[in-house]
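Subject: Structure handover and notes

Dear colleague,

I am passing on the structure we talked about, together with some notes on what was found in it. Please look it over alongside the text below.

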Amino acid sequence: MHILVLLMGLMTAASAQTPAPENGPAQGSAKPIKMVVLGDSLSAGYGLPAAAAFPVRLQKALETKGIKVSMTNAGVSGDTASGGRERLDWSVADGTDAVIVELGANDALRGIDPAVTRAALSDIITKLQARKIAVLLCGMLAPPNYGSEYAAKFNAIYPDLSKSLGVPLYPFFLDGVAADAKLNQADGMHPTAEGVDIVVKNMLPTVEAFLGALSGQRS
């Protein structure tokens with residue numbers, strides 16, 4: 001099942017972006033921000049050279065902006081939200097400042113009960129918050145083949161958690177890349193290196209705002 005093709009009709013739902021604060025993170029800070037990307041194959045860099053994976057490309061984009069980040073790629077191919085919760089403690093080391101949570105695509109592909117996905121993501125966020133680690137949540141959209149009722153329940157998970165737990169949201173991780181054959185590998189599900197760069201470009205303002213808020217809290 002090619003999730004990217006199935007998501008074509010849902011792209012409009014992800015067009016609204018979370019407003020970004022005008023102030024960005026402090027430039028040229030001597031101490032890098034320790035960041036972890038907790039995700040699945042979409043962020044792990046499945047089918048790509050290590051240097052083309054999302055966390056690596058994001059770090060380079062931030063460095064171009066003068067923002068120093070020590071990045072850890074904690075993406076595991078095939079992982080679900082529940083799987084991410086189970087490995088959270090050892091995937092996110094002590095001393096981490098911020099985590100980008102990119103999980104849920106495999107839950108949607110497998111038709112996992114949205115209540116299970118919601119509970120797992122909620123646990124991940126609250127556990128990180130208890131450790132005083134800032135969280136940026138990346139949204140995902142369900143393929144329509146499970147029906148509109150399933151899609152509505154699944155798609156609501158991310159904005160609901162963002163609001164109830166007070167974390168910033170990037171509405172759809174694959175925005176601008178999903179359903180574009182030129183930007184995806186032959187399996188139709190995983191971005192090419194060019195696709196990853198587009199994900200990074202589209203997401204960069206949200207990440208800058210996220211890190212800017214974090215810098216403000218730490219100053």
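The notes below go through the sheet, one serine, the cavity, the aromatic pairs and a few loop residues.

Please keep in mind throughout that this is a predicted model.

**The sheet**

Five strands make up an open sheet, and their order across it is S2-S1-S3-S4-S5, with parallel pairing. The edges are taken by S2 and S5, each of which has a single partner strand, so one side of each is left without a neighbour in the sheet. Strand S1, residues 33-39, pairs in the parallel sense with strand S2, residues 69-75, over seven bridges, and in this pairing isoleucine 33 has valine 69 of S2 as its bridge partner. S1 also pairs in the parallel sense with strand S3, residues 98-102, this time over five bridges, where valine 36 has valine 99 of S3 as its bridge partner. Going on from S3, four bridges join this strand to S4, again running parallel, and alanine 98 stands opposite alanine 134 in S4.

How many of the seven residues of strand S1 are buried? Six of them are, and S1 is therefore largely enclosed by the rest of the structure.

**Serine 43**

Serine 43 is found in helix H2, which covers residues 41-44, and because its relative accessibility is 0%, serine 43 counts as buried. If residues up to four places away in sequence are left aside, serine 43 touches Val37, Ala53, Phe54, Pro55, Asn73, Gly75, Glu102 and Phe173. Three of the strands described above can be traced in that list by their residue ranges, since Val37 falls in S1, Asn73 and Gly75 fall in S2, and Glu102 falls in S3.

**The cavity**

The structure holds one cavity of 30 Å³ or more, and its volume is about 40 Å³. The residues that line this cavity are Ser41, Leu42, Gly45, Tyr46, Leu48, Ala53, Phe54, Gln185, His190, Pro191 and Val196. By class, the lining divides into seven nonpolar residues, four polar residues and no charged ones. Ala53 and Phe54, which appear in this lining, are also among the residues that serine 43 touches.

**Aromatic pairs**

The count of aromatic pairs comes to four. In one of them, the ring centres of tyrosine 146 and tyrosine 150 lie 5.3 Å apart while the ring planes meet at 50 degrees, so this pair is tilted. Phenylalanine 154 and tyrosine 158 form another aromatic pair, which is edge-to-face, with 5.9 Å from centre to centre and 65 degrees between the planes. Ring pairs link Tyr146, Tyr150, Phe154 and Tyr158 into a cluster.

Which of these residues are buried, and which is partly exposed? Tyrosine 146 is partly exposed, with a relative accessible area of 36%, whereas tyrosine 150 counts as buried at 12% relative accessibility. Phenylalanine 154 is buried, with a relative accessible area of 0%, and tyrosine 158 counts as buried at 1% relative accessibility.

**Loop residues**

Two residues other than glycine have a positive phi value and may merit a look in your viewer: for lysine 132 phi is near 65 degrees, and for alanine 179 phi is near 75 degrees. Lysine 132 lies in the loop between helix H7, residues 114-130, and strand S4, residues 134-138, and at 73% relative accessibility lysine 132 counts as exposed. Alanine 179 is found in the loop between strand S5, residues 169-170, and helix H10, residues 193-218, and alanine 179 is partly exposed, with a relative accessible area of 25%.

Methionine 189 also has its place in the loop between S5 and H10, where methionine 189 counts as partly exposed because its relative accessibility is 22%. From C-alpha to C-alpha, methionine 189 and valine 177 are 9.9 Å apart in space, and in sequence the two are twelve residues apart.

With best regards

Terms used
Residues are numbered from 1 along each chain as its sequence is written. This is a predicted model: local features need pLDDT of at least 70, side-chain atom pairs count only at pLDDT 80 or more; totals for chains, interfaces and linings use all residues. Side-chain values use heavy atoms; hydrogens and water are left out. On a 1 Å grid over the protein atoms alone, a cavity is a set of points where a 1.4 Å probe fits but cannot get out, and a pocket is an open set with protein on both sides within 12 Å along at least five of seven lines; lining residues have an atom within 4 Å of a point. Grid points are joined across faces, edges and corners, and a volume is the space filled by probe spheres set on the points. Ala, Val, Leu, Ile, Met, Phe, Trp, Tyr, Cys and Pro count as nonpolar, Asp, Glu, Lys and Arg as charged, and the others, Gly among them, as polar. Rings of Phe, Tyr and Trp (its six-membered ring) pair if their centres lie within 6.5 Å; planes under 30 degrees apart count as stacked, over 60 as edge-to-face and the rest as tilted. Buried means under 20% relative accessible area, exposed over 50%, partly exposed in between (1.4 Å probe, protein chains only). Helices (H or I, at least four residues) and strands (E, at least two) are DSSP runs, numbered from the N terminus. Contact means heavy atoms within 4.5 Å. Two strands pair if DSSP finds at least two bridges between them.
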